[in-house]
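I opened this entry to look up the ligand surroundings and the pocket. My notes follow the display.

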Amino acid sequence: MSKADLKLERTTDRDVDVPIHIAVVMDGNGRWANRRFMPRPAGHKAGVEAARRVIEACGRRGVKALTLFAFSSENWRRPEEEVSVLLDLFLKTLEREADRLHEHQVRIRLIGERDRLGPRLCRQVERVERLTRDNDGMTLVVAASYGGRWDIAQAVRKLAARVADGTLRPDEIREEDLGECLALADIPPPDLLIRTGGEQRISNFLLWQLAYAELYFTSTLWPDFDADDLDEAIAWYRGRERRFGLTSEQLEQASRA
Ligand code: IPE
Ligand code: IPE
Ligand code: MG
């Protein structure tokens, strides 16, 4: 077994102990507010502060990509008022934070069904993506109006169009072809998934891309999550042996080779 074979999910030669890509399900804002007898939007506002802390901490630690789950396909089913608070907060945060992130060379991207976000937010997202496109620091991906099932369905539609126009044969379709049509195709898949708020589920996040992520769950509510909690998650991650289907002996042999 060669070292090249073992790379599998990793595309760079950086220190294997540092996650290249961290994905976060930022959960627990509502409960954080409830516990303080505050309305749910107060929890979402505090959640934005936590996101700011974690973005900065990831940048300092040399994480290459950070994907934050901000709003799921299913979150559209929440009360209209909460949805509008969340979208408004997202718009205002983008307006306020983009320049600072740009100064720090952060490249910002949005994944999700953007048509549903409305023209104002769409325009702002496009502006920020354009502004930060050529930055060479950390990539910050915001998943908004995103669902893993939506992602897979939109990838399948792209492949189906190629089949329909005769440039792809159904029996030629490989996993990589689908992977290339998904969101985040140009970024290595997440090494570490962090979910705050105590639930141990994926909630339709990056279903395909999380195939070999290490899953870290903490009961800390998202607005309370800080750089120390991030370090705890990364320390836990360092203790994992990522086997990608191989045996420990194979991994040892390859690291000696
Ligand atoms: C996560 O916090 C934020 C979004 C889903 C938008 P929640 O709003 O889900 O908070 P809880 O789970 O009700 O505490
Ligand atoms: C997942 O949180 C989505 C985001 C954090 C954006 P939810 O609070 O919506 O997840 P469920 O409904 O409890 O699974
Ligand atoms: Mg929740």
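Which elements each supply at least two residues of the shell around ligand 1? I looked this up and found H2 and H3. I note that the model is a predicted one.

**Ligand 1, shell**

I then asked which element gives the most to this shell, and I found H2, with three residues. I listed the residues around ligand 1 as Met26, Asp27, Gly28, Asn29, Gly30, Arg31, Arg40, His44, Ala70, Asn75, Arg78 and Leu86. Sorted by class, I have three nonpolar, five polar and four charged residues in the shell around ligand 1.

**Ligand 1, polar contacts**

I looked up the distances from oxygen atoms of ligand 1 to N or O atoms of the protein. For asparagine 29, I found a polar backbone atom 3.1 Å from an oxygen atom of ligand 1. For glycine 30, a backbone N or O atom lies 2.9 Å from an oxygen atom of the ligand. For arginine 31, I found the contact in the side chain, where an N or O atom is 2.7 Å from an oxygen atom of ligand 1. I also looked up the burial: ligand 1 taken alone exposes 380 Å², and the protein buries 87% of that.

**Ligand 2, shell**

I turned to ligand 2 and listed the residues around it as Val25, Met26, Asp27, Phe69, Ala70, Phe71, Asn75, Arg78, Arg195, Arg201 and Ser203. Which element provides the largest share of the shell around ligand 2? I found E2, with three residues. By class, I have five nonpolar, two polar and four charged residues in the shell around ligand 2.

Comparing my two lists, I see that Met26, Asp27, Ala70, Asn75 and Arg78 are around ligand 1 and also around ligand 2.

**Ligand 2, polar contacts**

I looked up three side chains here, those of aspartate 27, arginine 195 and serine 203. In aspartate 27, a side-chain N or O atom is 3.1 Å from an oxygen atom of ligand 2. In arginine 195, I found a polar side-chain atom 3.3 Å from an oxygen atom of ligand 2. In serine 203, a polar side-chain atom lies 2.6 Å from an oxygen atom of the ligand. For burial, I noted that ligand 2 exposes 390 Å² when taken alone and that the protein buries 78% of that.

**Where the ligands sit**

Where does ligand 2 sit? I found ligand 2 in the largest pocket, and the space taken by ligand 1 is the largest pocket as well.

**The largest pocket**

I looked up the volume of the largest pocket and noted about 950 Å³. I found 43 residues lining the largest pocket, with Met26, Asn29, Phe69, Ala70 and Phe71 nearest its centre. The elements that I found giving two or more residues to this lining are helix H2 (29–35), helix H3 (40–60), strand E2 (65–72), helix H4 (80–103) and strand E4 (139–146). Which of them provides the largest share of the lining? I found H4, with ten residues. By class, I noted 21 nonpolar, eleven polar and eleven charged residues in the lining of the largest pocket.

Technical notes:
Residues are numbered from 1 along each chain as its sequence is written. Chains are lettered from A and ligands numbered from 1 in the order in which they are written. This is a predicted model: local features need pLDDT of at least 70, side-chain atom pairs count only at pLDDT 80 or more; totals for chains, interfaces and linings use all residues. Side-chain values use heavy atoms; hydrogens and water are left out. On a 1 Å grid over the protein atoms alone, a cavity is a set of points where a 1.4 Å probe fits but cannot get out, and a pocket is an open set with protein on both sides within 12 Å along at least five of seven lines; lining residues have an atom within 4 Å of a point. Grid points are joined across faces, edges and corners, and a volume is the space filled by probe spheres set on the points. Helices (H or I, at least four residues) and strands (E, at least two) are DSSP runs, numbered from the N terminus. Ala, Val, Leu, Ile, Met, Phe, Trp, Tyr, Cys and Pro count as nonpolar, Asp, Glu, Lys and Arg as charged, and the others, Gly among them, as polar. A residue is near a molecule or strand if one of its heavy atoms lies within 4 Å of it. A polar contact is a pair of N or O atoms within 3.5 Å; within protein, one must be able to donate a hydrogen and the other to accept it, and residues adjacent in sequence count only if both atoms are side-chain atoms. Accessible areas come from the Shrake-Rupley method with a 1.4 Å probe; for residues, only the protein chains shown count as cover. A molecule sits in a cavity or pocket if more than half of its atoms lie within 2 Å of its grid points.
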